Amino acid sequence: MSKIAVVYWSGTGNTEAMANKVADGAKEAGAEASVFGIEDFSADKVDEFDALAFGCPAMGDEVLEEDVFEPAFDACEEKLKAKKVALFGSYGWGDGEWMRNWEEKCKNAGIALAAESVICNEEPDDEAQEACIALGKALC
């Protein structure tokens with residue numbers, strides 16, 4: 001059985017809702033899925049999981065949350081090279097530039113993404129929820 005970590009930061013609850021759907025998808029596919037707020041996750045835990053999904057909304061000028069999420073993600077980067085990794089998040093403005101930048105950052109760090117990233121505008125609608133479930137399944 002695959003062990004999946006779904007790690008997120010959420011300011012409004014939208015990315016948290018997405019995280020729970022990603023975990024639901026992984027569980028539907030037969031994996032053991034654990035959901036962590038980024039404050040409760042560290043690079044030391046990466047080795048405990050076969051795959052990881054990271055979620056962060058767009059902040060400010062379409063960037064990752066800089067005080068808590070980005071430093072924690074950066075600390076995990078080296079260990080993620082040998083794992084299945086996927087990204088997700090929500091935004092309230094812009095066109096998803098933060099996600100494209102984050103994907104590029106992963107590529108440059110040698111992290112291969114296991115599935116197409118999922119983004120949604122504001123609260124995840126039915127389509128976004130289904131995409132999150134599919135993302136969770138893709139990590140298995």
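Let me start with helix α3, residues 97-108, which in this predicted model lies across β3, β4 and β5 and runs at about 160° to β4. On the sheet there is also helix α2, residues 69-80, which touches β1, β3 and β4, and whose direction makes about 155° with that of β3.

The sheet that these helices pack on is open and has 5 strands, in the order β2-β1-β3-β4-β5, with parallel pairing. Because β2, residues 32-37, and β5, residues 118-121, stand at the edges with a single partner strand each, one side of each of them is left without a neighbour in the sheet. From one strand to the next, the twist averages 15°.

If we go through the pairings, β1, residues 3-8, is joined to β3, residues 51-55, by 5 bridges in the parallel sense. Within that pairing, Ile4 has Ala51 as its bridge partner in β3, and Tyr8 has Gly55. On to the next pair, β3 and β4 run parallel and are joined by 5 bridges, and here Gly55 appears again, with Phe88 as its bridge partner in β4. Finally, β4 and β5 pair in the parallel sense over 4 bridges, with Cys120 of β5 as the bridge partner of Ser90.

How are the faces of these strands covered? In a regular strand the side chains alternate between the two faces of the sheet. For β3, Ala51, Ala53 and Gly55 point one way while Leu52 and Phe54 point the other way, and all are buried, in keeping with the count of 5 buried residues out of 5 for this strand. For β5, by contrast, there is a covered face made of Val118 and Cys120, and an uncovered one made of Ile119 and Asn121.

Let me now turn to the largest pocket, and to the residues around it. Rolling a probe the size of a water molecule over the atoms shows where empty space is left. In this model about 160 Å³ of space lies in the largest pocket, and its lining consists of 14 residues, with Thr12, Asn14, Pro57, Ala58 and Ser90 lying nearest the centre. The elements that contribute two or more residues to that lining are α1, residues 14-28, and β4. Sorted by class, the lining residues are 6 nonpolar, 7 polar and 1 charged.

A residue of α1 that I would like to show you is Thr15, which counts as buried because its relative accessible area is 1%, where the cut-off is under 20%. Setting aside neighbours within four places in sequence, Thr15 is in contact with Tyr8, Trp9, Ser10, Gly55, Cys56, Pro57, Phe88, Gly89 and Ser90. Among these contacts of Thr15 we meet Tyr8 and Gly55 again, the bridge partners from the pairing of β1 with β3.

Next come two residues in the loop between β3 and α2, namely Leu64 and Glu62. Leu64 is buried, at 7% relative accessibility, and beyond its neighbours within four places in sequence it is in contact with Cys56, Pro57, Met59, Phe69, Glu70, Trp98 and Trp102. The C-alpha atoms of Leu64 and Asn101 are separated by 9.3 Å, although the two residues are 37 apart along the chain. As for Glu62, it also counts as buried at 7% relative accessibility, and it has a positive phi of about 55° although it is not a glycine.

Which other residue, not a glycine, has a positive phi value? That is Glu122, with phi near 65°, and it sits in the loop between β5 and α4, residues 126-138. Glu122 counts as partly exposed, at 41% relative accessibility.

I will end with Ile111, in the loop between α3 and β5, which is buried with a relative accessible area of 3%. Apart from neighbours within four places in sequence, its contacts are Glu77, Leu80, Lys81, Val85 and Cys106. With Trp93, on the other hand, which is 18 residues away along the chain, Ile111 has a C-alpha separation of 27 Å.

Terms used. Residues are numbered from 1 along each chain as its sequence is written. This is a predicted model: local features need pLDDT of at least 70, side-chain atom pairs count only at pLDDT 80 or more; totals for chains, interfaces and linings use all residues. Side-chain values use heavy atoms; hydrogens and water are left out. Two strands pair if DSSP finds at least two bridges between them. Axes are lines fitted to C-alpha atoms, for helices over the stretch in contact, and angles run from 0 to 180 degrees between N-to-C directions. Contact means heavy atoms within 4.5 Å. On a 1 Å grid over the protein atoms alone, a cavity is a set of points where a 1.4 Å probe fits but cannot get out, and a pocket is an open set with protein on both sides within 12 Å along at least five of seven lines; lining residues have an atom within 4 Å of a point. Grid points are joined across faces, edges and corners, and a volume is the space filled by probe spheres set on the points. Ala, Val, Leu, Ile, Met, Phe, Trp, Tyr, Cys and Pro count as nonpolar, Asp, Glu, Lys and Arg as charged, and the others, Gly among them, as polar. Buried means under 20% relative accessible area, exposed over 50%, partly exposed in between (1.4 Å probe, protein chains only).
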